[in-house]
Amino acid sequence: MHAQDYVAAIIFGLVIGVVARLLLPGRQNIGLIVTVLIGMLAAVAGTWVADHYDIHSSHLFTVASHRYDWAVVGVQVGIAIVGVALAAVLARAFSTDRDR
């Protein structure tokens with residue numbers, strides 16, 4: 001892997017995490033770093049799940065000469081939504097602010 005692959009993974013993780021937060025109703029009191037980490041983990045986990053269960057489509061899109069499968073991205077975003085929801089629940093449970 002090259003340095004540009006790591007940068008692409010961070011940016012893709014950010015996008016997936018932000019999309020998950022936008023699709024999840026309500027307010028999530030988690031930070032940007034947690035969102036990016038969840039997005040990156042969801043990208044890796046979603047790729048593995050899609051490969052393991054042979055979830056692929058013929059619909060592809062290209063970003064910066066990299067081809068992405070819509071079905072795989074859907075699995076990644078779904079996993080990210082679950083991750084963001086769990087992080088928000090845990091952040092709320094361990095919060096010292098009792099006014100919420």
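Here follow some questions and replies on a helix pair and a pocket in this predicted model.

The model is predicted: local features need pLDDT of at least 70, side-chain atom pairs count only at pLDDT 80 or more, and totals for chains, interfaces and linings use all residues. Residues are numbered from 1 along each chain as its sequence is written, and side-chain values use heavy atoms, with hydrogens and water left out.

Me: Why is H2 called oblique to H3?
Reply: Helix H2 (residues 32-52) and helix H3 (residues 70-93) pack at about 135°, axes 7 Å apart. Under 35 degrees is roughly parallel, over 145 roughly antiparallel, 65 to 115 roughly perpendicular, and the rest oblique. The angle of about 135° fits none of the named ranges, so H2 is oblique to H3.

Me: What makes the contact between H2 and H3?
Reply: Contact means heavy atoms within 4.5 Å. H2 brings residues including Val 34, Ile 38 and Ala 42. H3 brings residues including Val 72, Ile 79 and Val 84.

Me: How do the residues of that contact divide by class?
Reply: There are 13 nonpolar, four polar and no charged residues. Ala, Val, Leu, Ile, Met, Phe, Trp, Tyr, Cys and Pro count as nonpolar; Asp, Glu, Lys and Arg as charged; the others, Gly among them, as polar. Gly 46 and Gly 83 are in the contact, so both count as polar.

Me: Which elements give two or more residues to the lining of the largest pocket?
Reply: They are helix H1 (3-23), H2, strand E2 (66-69) and H3. By class, that lining has ten nonpolar, four polar and three charged residues.

Note on methods. Axes fitted to C-alpha atoms, helices over the stretch in contact; angles between N-to-C directions. Helix = DSSP H or I, 4+ residues; strand = E, 2+ residues; numbered from the N terminus.
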